[in-house]
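I set out to go through this model chain by chain and to write down what I looked up in the order in which I looked it up. The entries below are my working notes.

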Amino acid sequence: MKMKKRTLFILIGPAFILFLVFFVYPVIRTAAMSFFDVPSMSVALRKCTFNGFSNFTALYRTSFRGSLVTLLKIWLICGSIVAVLSLIFAVSLTSGIIGKGFFRSMLYLPNVIPQLAIGYMWTLYVFSSRFGLLKKFFTWIGWTALAEFGWTSPDNMFISMCIAYIFSNVGYFTLTFMSAIESIPTSLYEAASIDGAKRTTQFFRITLPLIRNTLTSNITIWTTRVCAFFALSNVFVSNDTVSPLMYIYNVLFGSDSGTTAVGVGAAAAVVLTVVVVLVYALSNLIPKNKDVEL
Amino acid sequence: MGKRTRTLKVRQQIALIPSYILLVVWCVFIFVMLGWIVMASFSTTRELFTDKLLSSGLHWENYEKVVVTGKMYIAFLNSLLYSAVSVFFTILVCAPAAYGLSRFNFKLKNLFQRLLVVGLGIPGVMVIIPLFSIITMLHMGDSKVTLIMLYVVTSIPFCTFFLLPAFSDISPTYEEAAAIDGCGPIRTFWEIVFPLVRPSVTTLVIFQFIGKWNEYFMAQIFANSGNNRSMSVSLNQIIVAMTREGGWGGMFAAVTFVSFPTIILYVILSRKIIGGTTAGGIKG
């Protein structure tokens, strides 16, 4: 269709200009800052000196390295548990369970609660060493060793944080797996049953291969989520619970601001961005399963 | 239903028992957790520690302490403002852009679309650092406008892509008919095309609203002083203060007050929310 330039500008202009000025430009500027010696937030970039990759090498000596390890641990440990749990839930919910709608809503519920509030629900109540749910439960069934477990002691903070994080993520991934499973033709399962295939065999031979596309896109979504890990680091305070975003926050905006040069903080942001962009690019390289239309 | 199919159904349900157990455990856990926290929010600190929740009636003063004295009602209004205004402007900007991209070819189209794709993957910190630097240089401190603008701008890539397929699905005959009747293209868009994509827009509005309501990182940086705090920022501040003085009932009141607006919204809109999650590939 033919369109006057003016009309096109009225339609797309606002989004385009806002995006260029307040998104693209700041991103480029942050990337530039990571190569300059920027001593503090209130120094203009043109007054700073170029120092190549030394911000990145300086970063290597800070606790940012530890925060990347934390990120990787969250990604891998929580990721595998979330994947297994949400697949189990998704398969359960799609195999003719009564009350499917209700269970599904309950699974997704933690997703809509602010993550900070979720964190406090766990630390203040569930993990509490005085009136905590876990303490009461394990005392009741007689597992005293677990009842005495110090969930909120610094050594165990990371595990506790992972549990809360898994809890607030399972629902979303269950829903995505469910919709993928529901689009598999039931005739495949009927044929497999007639041939005598067990349910586990059906899962590994039919379900899993046919939801491969969803699996791939979920890995990308999981990566972006984990890279944005922040709120729970505020609640579960310990050395090994600091996420990269938390590190950047502390160094640039929070209590530690002024101790580390701004350029180093910007370099940390760049590293985080490169990680996400790489995962995006890699997941696009994985060939899509074309013989299934999901 | 024949006898054979019925026994088959029963056998199928028996095979599902482990699944039922798992799901029921999950639900019981959520009910116990939320239920206990709500009860605790009406109890005194002493009752919490002696395991006698609610034994002296409902202590509304816990809520009075955090909502009125702790100024959480301001945080509530702020969060409402941040979410509602930012979602309004996001739709106002992204809907026409998505429509333009779905309908017309122009020189910069490719560039714009590519930038948006890259924008999908870039974390918000990259946008924040220079803005924060400018604000510090101008001694502006934090402000409501900055946060709302950030919410709008960082939503542009996702929201534009979310609405794109909805507009592509609409037949151009609507616009052609409108053009023949002498309706200008901008008016045609808002009055004829936009209402046709209402289902997608509604889903997007709900998700964006909840997303911005729950957003914490940017709010912590740009809305961290007195009357600008959002719900989450205010929750953090109140918990830290109350941990020092040991006001446990108040802490649970604060957690409840922050959690329940979205829970209630979810109960009302749960069908729409669950449908939207799987249909549009919302990244949350």
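**Entry 1: confidence**

I began with how far chain B can be trusted, and I noted a mean pLDDT of 85, with 95% of its residues reaching 70 or more. This is a predicted model, and I kept that in mind for every entry that follows. Within chain B, I found confidence lowest in helix H1 (residues 3–15), at a mean of 75, and highest in H5(B), at 92. For the model as a whole I wrote down an ipTM of 0.87 and a pTM of 0.89. I also reminded myself that where pLDDT is low, the predicted coordinates should not be read in detail.

**Entry 2: chain B as a whole**

I counted 14 helices and zero strands in chain B, and reading along the sequence I get the pattern α-α-α-α-α-α-α-α-α-α-α-α-α-α. The radius of gyration of chain B is 25 Å, well over the 19 Å that the globule rule gives for 284 residues, so I recorded chain B as more spread out than a compact globule. Its C-alpha atoms fill a box of roughly 80 × 75 × 35 Å along the principal axes. I then looked up burial, and 41% of the 284 residues of chain B count as buried. Of the contacts in chain B with a separation of 6 or more, 76% come from residues 24 or more positions apart.

**Entry 3: the domains of chain B**

I next looked up the division of chain B, which gives domain 1 (3–41) and domain 2 (61–280). The centres of these two domains of chain B, taken over C-alpha atoms, are separated by 35 Å. How many residues of domain 1 of chain B are in contact with domain 2 of chain B? I found four, and they meet six residues of domain 2 of chain B. On the side of domain 1 of chain B that touches domain 2 of chain B, I sorted the residues into three nonpolar, one polar and no charged.

**Entry 4: the largest nonpolar core**

I turned to the largest nonpolar core, which has 154 residues, and noted that Met121(A), Cys94(B), Ala254(B) and Val255(B) touch the most other members. Both domain 1 (3–41) and domain 2 (61–280) of chain B give residues to this core, so I placed it between them. I followed Cys94(B) further and, not counting residues up to four places away in sequence, listed its contacts as Ala15(A), Ile156(B), Cys159(B), Thr160(B) and Leu163(B).

**Entry 5: the contact of the two chains**

For the contact between the chains I wrote down 74 residues from chain B and 71 residues from chain A. Which helix gives the most to the side of chain B that touches chain A? It is helix H14 (residues 248–280) of chain B, with twelve residues. That side of chain B divides into 54 nonpolar, 17 polar and three charged residues.

**Entry 6: two local spots in chain B**

I checked helix H9 (residues 173–180) of chain B, where the number buried among its eight residues is zero, so this helix lies largely in the open. Just after H9(B), I noted that Gly182(B) takes a positive phi of about 85 degrees.

I then stopped at Lys71(B), in the loop between helix H4 (61–69) and helix H5 (72–103) of chain B. Lys71(B) has a positive phi of about 60 degrees although it is not a glycine. I set this beside the general rule that most residues other than glycine have a negative phi. Is Lys71(B) buried, exposed or partly exposed? With 16 C-beta neighbours inside 10 Å, Lys71(B) counts as partly exposed.

**Entry 7: chain A**

Chain A has 14 helices and two strands. A compact globule of 294 residues would have a radius of gyration near 19 Å, whereas I noted 24 Å for chain A. The C-alpha trace of chain A spans about 75 × 70 × 35 Å along its principal axes, and 40% of the 294 residues of chain A count as buried. Among contacts in chain A between residues at least 6 apart in sequence, 71% join residues at least 24 apart.

**Entry 8: Phe138(A)**

My last stop was Phe138(A), in helix H6 (residues 133–141) of chain A. With 17 C-beta neighbours inside 10 Å, Phe138(A) counts as partly exposed. Leaving aside its neighbours within four places in sequence, I found Phe138(A) in contact with Trp143(A), Leu146(A) and Ala147(A). Phe138(A) and Glu148(A), ten residues apart in sequence, are 8.7 Å apart in space from C-alpha to C-alpha.

How values were computed:
Residues are numbered from 1 along each chain as its sequence is written. Chains are lettered from A and ligands numbered from 1 in the order in which they are written. This is a predicted model: local features need pLDDT of at least 70, side-chain atom pairs count only at pLDDT 80 or more; totals for chains, interfaces and linings use all residues. Domain bounds come from an automatic or database domain assignment. Two residues are in contact if their C-beta atoms, placed from the backbone, lie within 7 Å. Ala, Val, Leu, Ile, Met, Phe, Trp, Tyr, Cys and Pro count as nonpolar, Asp, Glu, Lys and Arg as charged, and the others, Gly among them, as polar. Helices (H or I, at least four residues) and strands (E, at least two) are DSSP runs, numbered from the N terminus. The radius of gyration is taken over C-alpha atoms; the globule rule is 2.2 Å times the number of residues to the power 0.38. A residue is buried if 20 or more other C-beta atoms lie within 10 Å of its own, exposed if 12 or fewer, and partly exposed in between; C-beta atoms are placed from the backbone. A nonpolar core is a set of buried Ala, Val, Leu, Ile, Met, Phe, Trp, Tyr and Cys residues joined through C-beta atoms within 7 Å. pLDDT is the predictor's confidence in each residue, from 0 to 100.
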